[in-house]
Amino acid sequence: MLSEKRIEKEKSTFENLEVWKKARMLRKDISLLVKNFPEKEKYKLSDQMIRASRSVTANIAEGHGRYHYQENIQFCRQARGSLFELLDHLTVAVDEEYIKNKDFKEMRIKIFAVIRLLNGYIKFLKGKKNE
């Protein structure tokens, strides 16, 4: 039989983190966005954007599973780097006219919303580490 502490720990996963939830929504938005890209970009820009968006949620999840604050912080920093990489890919998409400037601005707002949450989570983790 599972102990109460173990059950509680299993309930507390990365899936409960607001930053992961928002990053997941961003990942879904990116997947929808790239479906309209030209076929020639399927294994180029589209693939890079999908990988970057998946890297964000994957790094948040992996960091959460490490159970050490410093390692978790490092994975969150990796996730933040992937968000900025994604922003750069979006600038390529708008420059190549695969997306409209309006879509670029909307996605940029979403990316920076996740960055703000991620920065807050990193600050929280640093505080816990220093306790």
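## A guided tour of a five-helix model

The protein has 5 helices and 0 strands, and the model in the viewer is a predicted one. With the whole chain shown as a cartoon and followed from the N terminus on, the elements run α-α-α-α-α. Along its principal axes the C-alpha trace spans about 55 × 35 × 20 Å. If the chain is then coloured by accessibility, 36% of the 131 residues count as buried. Among contacts between residues at least 6 apart in sequence, 72% join residues that are at least 24 apart.

**First stop: helix 2**

Select residues 18–34, which make up helix 2. At 1.5 Å a residue, these 17 residues should span 24 Å, and the end C-alpha atoms are 25 Å apart, which agrees with that expectation. Next, show the side chains of V19, W20, A23, L26, I30, L33 and V34, the residues of helix 2 that are buried. Turn the view until you look down the axis of helix 2: the buried residues fall within an arc of 135°, so they line one face of the helix. The general background is that an α-helix has 3.6 residues a turn, so residues three or four places apart point the same way. To see what covers the buried residues of helix 2, add the ranges 45–64, 69–95 and 101–130, since the cover includes helix 3, helix 4 and helix 5, respectively.

**Second stop: S82 and A61**

Move to S82, which is found in helix 4. Is S82 buried or exposed? With a relative accessible area of 7%, S82 is buried, because the cut-off for that class is under 20%. Leaving aside residues up to four places away in sequence, S82 touches A52, S55 and V56, so show those three side chains along with S82.

Then select A61, whose place is in helix 3. A61 is also buried, but with a relative accessible area of 18%, a value to be read against the same cut-off of under 20%. Draw a distance from the C-alpha atom of A61 to that of F104, which is 43 residues away along the chain, and the separation is 27 Å.

**Third stop: the largest pocket**

Display the surface and look for the largest pocket, in which about 280 Å³ of space lies. The pocket is lined by 13 residues, and those nearest its centre are H64, Y67, Y69, N72 and Y121. Helix 3, helix 4 and helix 5 are the elements that give two or more residues to this lining, with the largest share, 4 residues, coming from helix 5. Coloured by class, the lining shows 6 nonpolar, 5 polar and 2 charged residues.

**Last stop: two loop residues with positive phi**

Stay with Y67, one of the residues nearest the centre of the pocket, and note that Y67 lies in the loop between helix 3 and helix 4. Its phi is near 60°, a positive value in a residue other than glycine. Most residues other than glycine have a negative phi. At 58% relative accessibility, Y67 counts as exposed.

Finally, select E97 in the loop between helix 4 and helix 5. E97 has a positive phi of about 65° although it is not a glycine, and at 70% relative accessibility E97 counts as exposed.

Note on methods: Residues are numbered from 1 along each chain as its sequence is written. This is a predicted model: local features need pLDDT of at least 70, side-chain atom pairs count only at pLDDT 80 or more; totals for chains, interfaces and linings use all residues. Side-chain values use heavy atoms; hydrogens and water are left out. The expected span of a helix is 1.5 Å times one less than its number of residues. Buried means under 20% relative accessible area, exposed over 50%, partly exposed in between (1.4 Å probe, protein chains only). The arc is that of the directions from the helix axis to the C-beta atoms. Contact means heavy atoms within 4.5 Å. On a 1 Å grid over the protein atoms alone, a cavity is a set of points where a 1.4 Å probe fits but cannot get out, and a pocket is an open set with protein on both sides within 12 Å along at least five of seven lines; lining residues have an atom within 4 Å of a point. Grid points are joined across faces, edges and corners, and a volume is the space filled by probe spheres set on the points. Ala, Val, Leu, Ile, Met, Phe, Trp, Tyr, Cys and Pro count as nonpolar, Asp, Glu, Lys and Arg as charged, and the others, Gly among them, as polar.
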